[in-house]
Amino acid sequence: MNLSEETRKGFTISREMKEIWALQTNMAKYLLDVCERNGLRIWADGGTLLGAVRENGYIPWDDDMDFLMLREDYDKLVAISDLEFKDPYFFQYLGKEKDYIRGHAQIRYRGTAAIRYEDVWKSFNQGVFIDIFVYDTIPDSDSSEWKKTLERADKIERVLISSSFHNGRFFSPITYPRWIYSNCYILLKGKNNLMREYEDLFRQYDVPGNKRIAPPCFNRKIFKTATKLKEWYRETVFFPFEDFQIPVPVDYDMVLRTQYGDNYMTPIKDPSYHGGFEVLDAHNDYTSYLKGLRRKRLLQKLHIDGEYGG
């Protein structure tokens with residue numbers, strides 16, 4: 001990849017962002033090679049799919065890469081991840097590290113930093129990453145049983161996330177009782193048991209008769225636009241993406257219309273899904289930044305509380 005600053009669609013891409021892109025495409029190429037060698041299906045998703053179809057590469061203002069796998073293949077990838085992903089790659093998934101409470105996997109590049117605002121107090125690897133979203137088959141109708149499944153999943157999500165809220169820092173009258181309840185619930189049920197239950201809630205619907213797929217990624221708000229038909233992924237085609245070929249579902253048009261609307265080929269500059277990063281650095285490890293960021297956050301909190309008598 002050419003690392004020189006350039007302008008695409010009127011948007012300037014800095015050398016620093018090009019370096020991030022280079023790391024991400026490096027990880028993507030390695031991931032696709034692992035999947036090909038092990039007979040695992042995988043496709044570009046989200047902004048990466050849109051970029052492949054519309055730009056033959058990154059959307060100029062994008063800052064990560066997204067991939068999609070069906071549950072069967074995703075579980076196999078997780079099972080072989082320790083064997084396949086060695087330095088500088090780190091394969092991250094639910095339960096792998098303390099505080100990593102996300103329903104999808106990420107590949108991180110060691111020795112780099114991609115620190116999000118809400119992760120400053122978290123202890124998991126926060127290097128530059130690409131996302132791998134797992135999609136489960138879901139019922140074709142919103143039955144009462146399915147609604148109960150979502151309610152149970154939401155409860156587990158709230159408990160797991162609340163239990164690690166700022167690692168117990170910066171409590172408020174709202175968050176403190178929630179933190180106490182969540183940690184007591186985890187002591188009773190077991191954290192690993194709750195994480196397994198969360199995924200098993202969705203695995204139970206992975207049967208041939210169901211036609212829809214969706215990601216159980218701790219964000220129920222995206223279900224509407226993220227729910228897709230399994231048949232759209234019946235075959236794989238390839239599109240150019242920067243300096244390599246990337247797999248996309250054969251019915252990519254239907255996928256993109258569902259997620260972005262009928263005018264998806266018209267560029268619209270949206271803010272980053274991640275809301276930007278506290279730090280994005282292709283050369284220095286995230287651990288070198290955390291102490292300073294935490295001190296800054298603490299001082300900001302003390303200043304705000306001092307102003308308002310907190």
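The points below comment on selected strands, helix contacts and individual residues of this predicted model.

1. Strand 6. Strand 6 spans residues 105–109, and five of its five residues are buried, so this strand is largely enclosed by the rest of the structure. The burial concerns both faces of the strand, with Ala105, Ile107 and Tyr109 covered on one side, and Gln106 and Arg108 covered on the other. A reader looking at the side chains should therefore note that a glutamine and an arginine are among the residues counted as buried here, under the cut-off of 20% relative accessible area.

2. Neighbours of strand 6 in the sheet. Strand 6 is joined to strand 5 (residues 89–92) by four bridges, and the two strands run antiparallel; within this pairing, Tyr89 has Tyr109 of strand 6 as its bridge partner. Strand 6 is also joined to strand 8 (residues 128–138), in this case by five bridges and again with an antiparallel course, and here Ala105 stands opposite Ile132 of strand 8.

3. Helix 2 and its surroundings. Helix 2 covers residues 46–55 and is mostly covered, since 10 of its 10 residues count as buried under the 20% cut-off. The buried residues include Gly46, Gly47 and Gly51 as well as Arg54 and Glu55. They pack against several elements, namely strand 3 (43–44), strand 4 (66–70), strand 11 (236–241), strand 12 (244–249) and helix 8 (252–260). Just after the helix, Asn56 takes a positive phi of about 55°.

4. Helix 2 against helix 8. The axes of helix 2 and helix 8 come within 11 Å and cross at roughly 125°, which means that helix 2 is oblique to helix 8. The crossing of helix 2 past helix 8 is left-handed. On the helix 2 side the contact involves Gly46, Gly47, Leu49, Leu50 and Val53, which meet Tyr252, Val255, Leu256, Gln259 and Tyr260 of helix 8. By class, the residues of this contact divide into seven nonpolar and three polar, with no charged residue.

5. The hairpin of strands 11 and 12. Strand 11 and strand 12, both of which pack against the buried residues of helix 2, are themselves joined by six bridges and run antiparallel. Phe239 has Ile246 of strand 12 as its bridge partner. The hairpin has two residues between the strands, and Glu242 takes a positive phi near 55° in this hairpin.

6. Helix 4 against helix 5. Helix 4 (residues 144–163) and helix 5 (residues 175–189) have axes that come within 8 Å and cross at roughly 110°, so helix 4 is roughly perpendicular to helix 5. Arg152, Lys155, Arg158, Val159, Leu160, Ser162 and Ser163 of helix 4 meet Arg178, Trp179, Tyr181, Ser182, Asn183, Tyr185 and Ile186 of helix 5. The residues of this contact are mixed in class, with six nonpolar, four polar and four charged.

7. Helix 1 against helix 3. The axes of helix 1 and helix 3 (residues 71–84) come within 12 Å and cross at roughly 115°, and helix 1 passes helix 3 in a right-handed crossing. Tyr30, Leu31, Val34 and Arg37 of helix 1 make this contact with Leu77, Ile80 and Glu84 of helix 3. Five of the residues in the contact are nonpolar and two are charged, while no polar residue takes part.

8. Glu19. Glu19 is found in helix 1, which spans residues 15–37, and this glutamate counts as buried because its relative accessibility is 15%, below the 20% cut-off. Apart from neighbours within four places in sequence, Glu19 is in contact with Leu3, Ala282 and His283. Glu19 and Asn284 are 265 residues apart in sequence, yet their C-alpha atoms are 12 Å apart in space.

9. Asn210. Asn210 lies in the loop between helix 6 (191–203) and strand 9 (212–214). Although it is in a loop, Asn210 is buried, with a relative accessible area of 16%. Leaving aside neighbours within four places in sequence, the contacts of Asn210 are with Thr137, Ile138, Pro139, Asp140, Tyr205 and Lys230. Of these, Thr137 and Ile138 fall within the residue range 128–138 of strand 8, which is the strand that five bridges join to strand 6.

How values were computed:
Residues are numbered from 1 along each chain as its sequence is written. This is a predicted model: local features need pLDDT of at least 70, side-chain atom pairs count only at pLDDT 80 or more; totals for chains, interfaces and linings use all residues. Side-chain values use heavy atoms; hydrogens and water are left out. Buried means under 20% relative accessible area, exposed over 50%, partly exposed in between (1.4 Å probe, protein chains only). Two strands pair if DSSP finds at least two bridges between them. Contact means heavy atoms within 4.5 Å. Axes are lines fitted to C-alpha atoms, for helices over the stretch in contact, and angles run from 0 to 180 degrees between N-to-C directions. Angles under 35 degrees count as roughly parallel, over 145 as roughly antiparallel, 65 to 115 as roughly perpendicular and the rest as oblique. Ala, Val, Leu, Ile, Met, Phe, Trp, Tyr, Cys and Pro count as nonpolar, Asp, Glu, Lys and Arg as charged, and the others, Gly among them, as polar. A crossing is left-handed if the near helix is turned anticlockwise from the far one by less than a right angle, and right-handed if clockwise.
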